[in-house]
Amino acid sequence: MYLLTDVELYAPDYQGVKDVLIAGSQVVAISDHINREFTGVPVQIINGQGKVLAPGLVDSLVHIIGGGGEGGFTTRTPEMHLSDAVIAGVTTLVGVLGTDSVTRTLTNLLAKANALTEDGLTVYCHTGSYQIPARTLFGDIDQDIILIDKFIGVGEVAISDHRSSQPSQQELARLTAQARVGGMLSGKAGIVSVHVGDSDTCLQPLLDVVSASDIPIKQFYPTHINRTQTLLDAGKEFAQLGGYLDLTASTTPEILAAGEVKCSDALKQLLDAGISVDQITFSSDGFASLPDFDEQGNLRGLKVGTLTSLLDEVRDAVQQNGVALEDALKVVTQSPADILKLTGKGRVQEGLDADLILLDAATLELETVFAKGQLMMVDGVVLKKGLFERQGEGQ
Ligand code: ZN
């Protein structure tokens, strides 16, 4: 058991200064004052004065087995390690394939998700990839979502991108209907995660499906909406019709110089346009490849997306854009948990999972991480690493 005392609780709504008691994997009590004297049970007390307590982050898009490969085999990005999530305060994540569903497979994706789950994180996956018809395990999207616990949707399915399979409106509608019904029958989101590229059609393929079918706009969860100002403007209209928007946090100075809207700036724009924070999320796109150009514009190499980009953008949204901390935290906790129907996630509440982070209240730097009640990092020191990370360090 752990008792966190005198924390500034953002649940993510601000609750004031509280004491929070963790027993096993859950938060069991939140109160103005919890008695420090315990008899018969070992309780570790963590002084939370001057610290913000928030939910562990929910990252809705991570290439956990790597991604990329669009520049040949040497450009395939590596797998993530456990500590890549821990140092980012991410306690729940959704693993996806991407462009490559030939050398990357759903079986490999599920095995990696199981490994990260054994190590203490909460991990879900999407079936399918960029391609339509989608590659699946059982042959159909609905069977995959209904029969495999970890599958909660399909994606990221690519549209408006030269790398997509250029799906017809009917193909996109059929895929979405399968995900929707699969989700309904299994009590899951059945969400369609949509990779939106940089072509002029923007979000129009999704709007065409919505207007020509009975599929609600909320079945789609389009990502990379801050890729260009044009796409972000299209996103505002999409959200005004009730749709969700996901912004990508990982970036490079070169990508921003080429026209991407910084994630924190994009959040500010959307909130100023009157879009509800419930419809907006950040994801890291972790372990996707990011091109790295030199000053002359030559490809120097590839970097990979990082999960730490999420908190960096939350911090920038608050410190540079003047976004309320509650709202900046919601887009990486409550909003993605609700959109993905992950009950027990994205909030600090009695009876829910003890997925918690402690931030320095002044700097918003990450200090301490709990995942399902397990202490993963304390005062900036990672306590739990994956097996081969430990071996790499000679431990
Ligand atoms: Zn993508």
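This short presentation covers the zinc site, the domain arrangement and several individual residues of one protein model.

Please note that this is a predicted model, in which local features need pLDDT of at least 70 and side-chain atom pairs count only at pLDDT 80 or more, while totals for chains, interfaces and linings use all residues. Residues are numbered from 1 along each chain as its sequence is written, and side-chain values use heavy atoms, with hydrogens and water left out.

I begin with the metal. Which residues coordinate the zinc ion? They are Glu-156 through OE, His-195 through ND1 and His-224 through NE2, at 2.1 to 2.2 Å. Donors here are N, O and S atoms within 2.8 Å of the metal (3.2 Å for Na, K and Ca); water is not among the atoms, so sites may look incomplete. Along the chain, the spacing of these donor residues reads E-x38-H-x28-H. His-195 belongs to strand β10 (residues 191-196) and His-224 to the loop between β11 (220-223) and α6, so the two histidines tie together parts that are 29 residues apart in sequence. Helices (H or I, at least four residues) and strands (E, at least two) are DSSP runs, numbered from the N terminus. Both His-195 and His-224 are buried, a term that means under 20% relative accessible area, with exposed meaning over 50% and partly exposed in between (1.4 Å probe, protein chains only). The remaining donor, Glu-156, sits in strand β9 (residues 151-159). The peptide bond that leads from Gly-155 to Glu-156 is cis, with omega near -10°.

I turn now to the domains. The protein is divided into domain 1, made of 2-54 + 345-387, and domain 2, spanning 56-339; such bounds come from an automatic or database domain assignment. The contact between them takes 29 residues from domain 1 and 29 residues from domain 2, where contact means heavy atoms within 4.5 Å. Their C-alpha centres lie 28 Å apart. How much area do domain 1 and domain 2 bury between them? The value is about 2400 Å², with 63% of it on carbon and sulfur atoms. Buried area is the accessible area (1.4 Å probe) that two parts lose on being put together, summed over both. On the side of domain 1, Pro-12, Lys-345 and Leu-364 lose the most area to domain 2, together 22% of what that side buries.

Pro-12 has a further feature. A cis peptide bond joins Ala-11 to Pro-12, with omega about 10°, and Pro-12 is located in the loop between β1 (2-10) and β2 (14-23).

As for polar interactions across the interface of domain 1 and domain 2, the rule finds four salt bridges, each being a side-chain nitrogen of Lys or Arg within 4 Å of a carboxyl oxygen of Asp or Glu. Asp-13 forms a salt bridge with Lys-330, and the closest N and O atoms of that pair are 2.9 Å apart. The rule also finds 10 residue pairs in polar contact across this interface, both residues at pLDDT 80 or more. A polar contact is a pair of N or O atoms within 3.5 Å; within protein, one must be able to donate a hydrogen and the other to accept it, and residues adjacent in sequence count only if both atoms are side-chain atoms. At least two residues of the side of domain 1 that touches domain 2 come from each of β5 (51-55), β16 (356-360), β17 (366-371) and β18 (374-378). Of the elements on that side, β17 gives the most, with four residues.

Next, two helices. Helix α6 (residues 229-240) contains Lys-236 and Ala-239. Is Lys-236 buried or exposed? Lys-236 counts as buried because its relative accessibility is 18%. Ala-239 is likewise buried, at 4%. Leaving aside neighbours within four places in sequence, Lys-236 is in contact with Gln-229, Leu-245, Gln-269, Leu-270, Ala-273 and Ile-275. With residues up to four places away again not counted, Ala-239 touches Leu-245, Ile-275 and Gln-279. Helix α9 (residues 309-319) is mostly covered, with eight of its 11 residues buried; among them are Leu-310, Leu-311 and Val-314.

Finally, backbone angles. Gln-166, a residue other than glycine, has a positive phi near 50° and lies in the loop between β9 and α4 (169-186). Gln-166 is exposed, with a relative accessible area of 53%. Asp-285, also not a glycine, has a positive phi of about 55°; its place is the loop between β13 (280-283) and β14 (289-293). Asp-285 is buried, with a relative accessible area of 11%.
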